[in-house]
Amino acid sequence: MIADRVAAVRERIARAAERAARPPGDVTLVAISKTHPAEAVRAAFAAGVRDFGENRVQEAEPKIASTSDLDAPCWHLVGHLQ
């Protein structure tokens with residue numbers, strides 16, 4: 001399910017990049033993992049997502065710790081820091 005959604009978003013990114021005459025590789029997909037469990041982060045990572053966003057440090061810390069075995073996910077603080 002998550003893999004299908006990631007693929008659909010990547011297709012939309014590719015089409016938008018083409019319309020803008022830019023390479024799709026110039027666009028970074030950041031999956032917002034707010035309110036989703038670490039298992040969802042793992043599924044997105046397995047689907048090729050490498051950047052994840054959170055806006056609550058207290059929610060991000062356990063996810064970061066429980067996904068530390070993955071090969072270099074990149075975490076971002078997004079929106080208003082709470």
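These questions and answers deal with the sheet and the largest pocket of a predicted model. Residues are numbered from 1 along each chain as its sequence is written. Local features need pLDDT of at least 70 and side-chain atom pairs pLDDT 80 or more, totals for chains, interfaces and linings use all residues, and side-chain values use heavy atoms, without hydrogens and water.

Me: Which strands stand at the edges of the sheet?
Reply: Strands are DSSP runs (E, at least two residues), numbered from the N terminus, and two of them pair if DSSP finds at least two bridges between them. The open sheet has the order β1-β2-β3, with parallel pairing. Each edge strand has a single partner, so one side of it is left without a neighbour in the sheet; these strands are β1 (30-32) and β3 (74-77).

Me: Which residue of β3 stands opposite G53?
Reply: Strand β2 (residues 51-54) pairs with β3 in the parallel sense over four bridges. Opposite G53 in β3 stands H76.

Me: Which element gives the largest share of the lining of the largest pocket?
Reply: A pocket is an open set of points on a 1 Å grid over the protein atoms alone where a 1.4 Å probe fits, with protein on both sides within 12 Å along at least five of seven lines; lining residues have an atom within 4 Å of a point. Helices are DSSP runs (H or I, at least four residues). At least two lining residues come from each of α1 (2-19), β1 and α2 (38-46). The largest share, four residues, comes from α1.

Me: Which residues lie closest to the centre of the largest pocket?
Reply: The lining of this pocket has 14 residues. Those closest to the centre are I2, A31, I32, A40 and A44.
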